[in-house]
Structure formats: C-alpha cells, structure tokens
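Please open the model in your viewer and keep the sequence panel visible beside it. The stops below go from the whole chain to a single residue, with something to select at each one.

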Amino acid sequence: MTRVHAPPDAAARRVAFAAAILACLGWSSLYTAAKLAMREVTGLMVAFDRTAVACLVLSAIVVVRARGLRPGVAHLVATARSARWGAVELGLVNFAGTSVLAMTAQQYLPASVNGLVNNLAPLWLSIWAATTGGAARPLLLVAGSAIAAAGVGAVLLGDAVLGTGAVVLPDPTPNTWMGVAISLAGSLLIGYQNAVARRVMPGHDAIAITALGAATGSVATGIVLAAGIGGSLPAFVSVDTGTLLALAWLGTVTTAFNFTLWGFALSILPVARIANLQYMVPPLGVVVGVAVLGEPVGPGLVAGAVAILGGIILAQRGAARD
C-alpha cells in the first residue's frame with residue numbers, strides 16, 4: 001500500500017534538517033574509526049560489528065522507552081508486521097549491501113578514489129528527482145549536486161592532481177576499472193537505500209525500524225563470517241582495547257544513531273531535499289582524519305569545501321518542494 005506523505009510544517013522541517021546534519025557529522029568519523037579498527041579486523045567484520053552493535057543499542061532503547069522487555073519486544077514485532085518486508089529490505093541494503101560493495105571496491109582502489117565514486121549517490125538521486133517531477137527547478141538541483149560532487153573530488157583528489165599531496169591516482173588497469181564499477185554500483189545502491197527509507201520510514205518508529213534493519217544486516221553478515229569468508233567471529237575476542245573502542249564507536253555513533261537520524265529525516269522530507277547534505281561527509285571526514293590520525297591536509301580541502309557548500313545551497317534551491 002502506498003503511503004501518502006502529508007506536507008510537513010516549518011518546525012518539523014527544521015528538526016528533520018537538524019537530524020540529517022547530525023547524521024552527516026556521525027558518518028564523517030566512519031572512515032577514521034574503520035581505519036583504526038581494521039588494524040586487527042577485516043572490512044566484513046567491521047560491517048558485522050556495526051550492524052550487531054546497532055541492533056543491540058537500538059533494541060535496548062526501544063525496551064527502555066516501552067518500560068519493559070515484553071512491551072519493547074511487542075513494539076518491535078508490531079513494527080516488523082506493519083513495515084512487512086520494508087525493514088528487511090532496509091537491512092540488506094543499508095547494513096549489508098552498501099558496506100560489502102564499499103569494502104570490496106577498497107581492495108582495488110585508493111580510499112580517495114573509492115570515496116569519491118561511492119559518494120555520488122546524491123547526484124543520482126538529484127537526477128532521479130529532476131526527471132520524475134520531484135524538484136521545483138530540476139536543472140538547478142542537478143547543477144548544484146554536480147558542483148558539490150566536483151567539490152568532493154577536489155577534497156579527495158585535488159592534492160593528487162596538483163601534485164601537492166600524498167594521494168596517488170591509480171593506473172587505469174583492469175582491476176582499477178573493476179574497482180570503479182563496484183564502487184559505482186555501491187553509490188547507486190546508496191541512492192536506492194534512500195528511496196527505500198523514504199518509502200518505509202513514514203508512519204513508523206525510526207528507532208525500531210533501524211533496529212530491525214540492523215538485525216537483518218547482522219544476520220546476513222554473520223552467516224558469511226561464520227562460513228569463514230572475509231574474517232571470522234572468534235577473531236573479535238583477541239582484539240586490543242583501542243580496537244574495541246573503535247568498534248564500539250562504529251556500531252553506535254556511525255551506525256545506530258546516524259542511520260536512525262537519517263531515517264527520521266527521510267520520514268519527514270523528500271529525498272531530494274536532504275540527499276545532497278551527504279556531500280558534507282567527505283570534507284568533515286578529512287578534518288576528523290587530520291585531527292585524530294594526523295593525516296596531511298592541502299588546498300584541495302578548502303577549495304572543495306567551498307564548492308560543496310555552494311553546490312548544496314544551489315541544490316536546496318532547486319529542490320524546494322516538500
């Protein structure tokens with residue numbers, strides 16, 4: 001059954017935008033925390049950790065809000081029945097599919113190139129909204145999104161192009177093109193994930209839906225790990241304290257809270273209104289990497305950040321339809 005989205009009032013829109021921005025702040029620390037964790041664990045183990053911890057944390061919140069285990073479980077069951085396959089679809093796409101594709105592409109591409117291609121989802125969503133009548137000014141929406149995407153390229157690759165940074169562009173080998181194809185598929189799946197969330201979230205508890213999705217993702221990734229593919233479940237026992245802290249951060253801040261916040265925002269606003277905010281994640285991630293890991297920073301960050309901000313402003317004016 002198709003859900004009808006009532007136009008949100010001004011206060012609801014402000015809260016939704018705030019939630020989306022906070023979600024982007026959470027995502028900005030994803031790659032830094034993952035880099036710290038992956039000193040001892042694999043990419044698939046990180047994906048499992050994120051889903052399992054998110055499921056536990058959000059389920060606990062549901063139980064506390066319901067004031068008891070039984071009513072909390074009853075609420076989760078009722079939400080699952082209401083959403084039907086929506087929560088499962090979100091889990092497989094959000095917490096399994098996108099992570100697996102991103103980590104697989106990472107085997108063939110430098111992180112900067114993978115980060116650029118994998119962050120093109122807002123552009124695909126803007127084109128989709130423009131061609132389906134979901135934007136007030138379609139050309140402005142697409143142009144703004146494209147400018148912001150170019151800004152991401154400047155942030156991640158600008159110093160390599162200028163020859164002033166440590167990032168080296170890969171040679172165009174078959175493996176490189178395979179990595180680009182996989183990363184591009186990941187960006188398309190992220191775009192689809194936003195469309196699914198916009199369809200499933202309205203009328204549902206964002207925390208409960210995200211908990212159910214995380215449960216689905218943890219089962220999917222856990223089965224693969226149990227089969228001895230891409231890591232193992234027992235390997236979690238031997239990690240050091242620093243890795244445990246990084247894994248805890250990945251499961252809570254960069255998964256449980258930001259996916260819930262993003263899903264809540266999508267329950268109120270159309271995808272085209274907030275998708276381009278995700279372009280803020282790469283420059284914020286660079287800042288986190290500089291602060292935590294001492295990574296080098298060059299002029300590409302400044303130039304790219306300006307382009308991203310300008311592109312987002314143009315895209316917002318182009319979308320301008322709730």
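Among the contacts in the chain with a separation of 6 or more, 86% are made by residues 24 or more positions apart, a figure to keep in mind while you look at the whole of this predicted model. Colour the chain by secondary structure next, and you should find 14 helices and zero strands, so that the pattern read along the sequence is α-α-α-α-α-α-α-α-α-α-α-α-α-α. If you then colour by accessibility, buried residues come to 50% of the 322 residues in the chain.

Now select residues 30-37, which form helix α2, together with residues 241-268, which form helix α11. How do the axes of these two helices cross, and within what distance do they come? The axes come within 8 Å and cross at roughly 150 degrees. Because an angle over 145 degrees counts as roughly antiparallel, α2 and α11 are described as roughly antiparallel to each other. The crossing of α2 and α11 is left-handed.

Show the side chains where the two helices meet: on the α2 side select L30, A33, A34, L36 and A37, and on the α11 side select T243, A246, L247, W249, L250 and T254. Sorted by class, this contact of α2 with α11 has nine nonpolar and two polar residues, with no charged residues.

From that group, centre the view on T243, which lies in helix α11. Is T243 buried or exposed? T243 has a relative accessible area of 0%, and therefore counts as buried, since the cut-off for buried is under 20%. Leaving aside residues up to four places away in sequence, T243 touches L36, A37, R39 and E40. Draw a distance between the C-alpha atoms of T243 and A37, and the viewer should give 4.9 Å, although these two residues are 206 residues apart in sequence.

For the last stop, select two cysteines, C24 and C55. C24 has 0% relative accessibility and so counts as buried, and C55, with a relative accessible area of 17%, is buried as well, because that value is also under 20%. How many disulfides does the structure hold? The structure holds zero disulfides, so no pair of cysteine sulfur atoms lies within 2.5 Å.

To finish, return to the view of α2 and α11 and rotate it until both axes can be followed, with the left-handed crossing in front of you.

Conventions
Residues are numbered from 1 along each chain as its sequence is written. This is a predicted model: local features need pLDDT of at least 70, side-chain atom pairs count only at pLDDT 80 or more; totals for chains, interfaces and linings use all residues. Side-chain values use heavy atoms; hydrogens and water are left out. Buried means under 20% relative accessible area, exposed over 50%, partly exposed in between (1.4 Å probe, protein chains only). Axes are lines fitted to C-alpha atoms, for helices over the stretch in contact, and angles run from 0 to 180 degrees between N-to-C directions. Helices (H or I, at least four residues) and strands (E, at least two) are DSSP runs, numbered from the N terminus. Angles under 35 degrees count as roughly parallel, over 145 as roughly antiparallel, 65 to 115 as roughly perpendicular and the rest as oblique. A crossing is left-handed if the near helix is turned anticlockwise from the far one by less than a right angle, and right-handed if clockwise. Contact means heavy atoms within 4.5 Å. Ala, Val, Leu, Ile, Met, Phe, Trp, Tyr, Cys and Pro count as nonpolar, Asp, Glu, Lys and Arg as charged, and the others, Gly among them, as polar.
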